[in-house]
Amino acid sequence: QDWEQRQEEDTLLIERILLLVRNVLHVPPDPTEEQGVDGDASVHDRVLWALHISGMDDLLKFLASAQGEQQWALHVLEIISLMFRDQSPEELAALGQGQAAAEHREDTQELETLRQRELAERRARALQRPSRHSRFGGSYVLQGLKAIGDRDVVFHKGLHNLKSYSHDLGKETRRVPRRRQA
């Protein structure tokens, strides 16, 4: 609902929910209670994951960015600061860049390997073929197709041009004046 259409009870409910989330996140960690394995998620991390699964983080982003919801800005700011309570800015910055940098390094290394392989294949192909291109496409005898006299036709073009062969190939068509055309 827009803020103009909300009842007083709706506004109080929203504020109470935000305060509840803030108070849940405000609970300090107790290392003696949390005797998990290294790398195991702490209680705070599990609460943050539950907020994410429920979609509460999207609602908080909406409340923080919406122009008409500025009355909740301080509550949202406090919740966000409590979400990042255990992390230092250096850790957060390194976390995002560390994964991206590692993936970037892997991708770059893979691309470089592929490029080297392609260059090696290109060099091998260049060594196999002669350096000058011969324009001679070959000559072929078309058996069963008679040329002038009793000899078979000799075809001097590539085999891919054979389909379009006719005896008139290379001959200039005779131009007929307009008044003599049929």
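The following exchange between a trainee and a mentor works through a predicted model of one protein chain.

Trainee: Before we look at single residues, in what order do the helices and strands of the chain run from the N terminus on?

Mentor: This is a predicted model, and its chain holds five helices and two strands. Read from the N terminus on, the elements run α-α-α-α-α-β-β.

Trainee: What percentage of the residues in the chain is buried?

Mentor: The accessible surface of the chain comes to about 16,100 Å², and carbon and sulfur atoms hold 54% of that surface. Buried here means a relative accessible area under 20%. Of the 182 residues in the chain, the share that is buried is 14%.

Trainee: Among the contacts in the chain with a separation of 6 or more, what share comes from residues 24 or more positions apart?

Mentor: A contact here is a pair of heavy atoms within 4.5 Å. Taking the contacts in the chain with a separation of 6 or more, those between residues 24 or more positions apart account for 42%.

Trainee: How far apart are the end C-alpha atoms of helix H2, and what span should its residues give?

Mentor: Helix H2 covers residues 43-54, which is twelve residues, and at 1.5 Å a residue, counting one less than the number of residues, the expected span is 16 Å. Just after H2, Gly55 takes a positive phi of about 90°. The end C-alpha atoms of H2 agree with the expected span, because they too are 16 Å apart.

Trainee: Asp57 is buried and has no salt bridge, so which side chain of opposite charge is nearest to Asp57, and how far away is that side chain?

Mentor: Asp57 is placed in helix H3, residues 56-65, and not counting residues up to four places away in sequence, Asp57 touches Leu51 and His52. The side chain of Asp57 makes a polar contact with the side chain of His52 at 2.7 Å, but His is not counted as a charged residue here. A salt bridge needs a side-chain nitrogen of Lys or Arg within 4 Å of a carboxyl oxygen of Asp or Glu. The nearest side chain of opposite charge to Asp57 lies 5.0 Å away, and that residue is Lys61.

Trainee: Which parts of the chain does the salt bridge of Arg22 and Glu78 tie together, and how many residues apart are they in sequence?

Mentor: Side chains of opposite charge can pair when their charged atoms come close. The side chains of Arg22 and Glu78 meet in a salt bridge, at 3.5 Å from N to O. Arg22 lies in helix H1 (residues 8-26) and Glu78 in helix H4 (residues 73-83), so the pair ties together parts whose separation in sequence is 56 residues.

Trainee: Is His75 buried or exposed, and what is its relative accessibility?

Mentor: His75 has its place in helix H4. Leaving aside its neighbours within four places in sequence, His75 is in contact with Glu15, Leu18 and Leu19. Because buried means under 20% relative accessible area, His75 counts as buried, with a relative accessibility of 18%.

Trainee: How far apart are the closest N and O atoms in the salt bridge of Glu118 with Arg122?

Mentor: Glu118 and Arg122 both lie in helix H5 (residues 89-128), four residues apart, about one turn of the helix. Glu118 is partly exposed, with a relative accessible area of 43%, and Arg122 is partly exposed at 46%. The closest N and O atoms of this salt bridge are separated by 2.8 Å.

Trainee: Which residue forms a salt bridge with Lys146?

Mentor: A search of the whole structure finds five salt bridges. Lys146 counts as partly exposed at 47% relative accessibility, and its closest N and O atoms in the salt bridge are 3.2 Å apart. The partner of Lys146, partly exposed with a relative accessible area of 26%, is Asp152.

Methods:
Residues are numbered from 1 along each chain as its sequence is written. This is a predicted model: local features need pLDDT of at least 70, side-chain atom pairs count only at pLDDT 80 or more; totals for chains, interfaces and linings use all residues. Side-chain values use heavy atoms; hydrogens and water are left out. Buried means under 20% relative accessible area, exposed over 50%, partly exposed in between (1.4 Å probe, protein chains only). A polar contact is a pair of N or O atoms within 3.5 Å; within protein, one must be able to donate a hydrogen and the other to accept it, and residues adjacent in sequence count only if both atoms are side-chain atoms. Accessible areas come from the Shrake-Rupley method with a 1.4 Å probe; for residues, only the protein chains shown count as cover.
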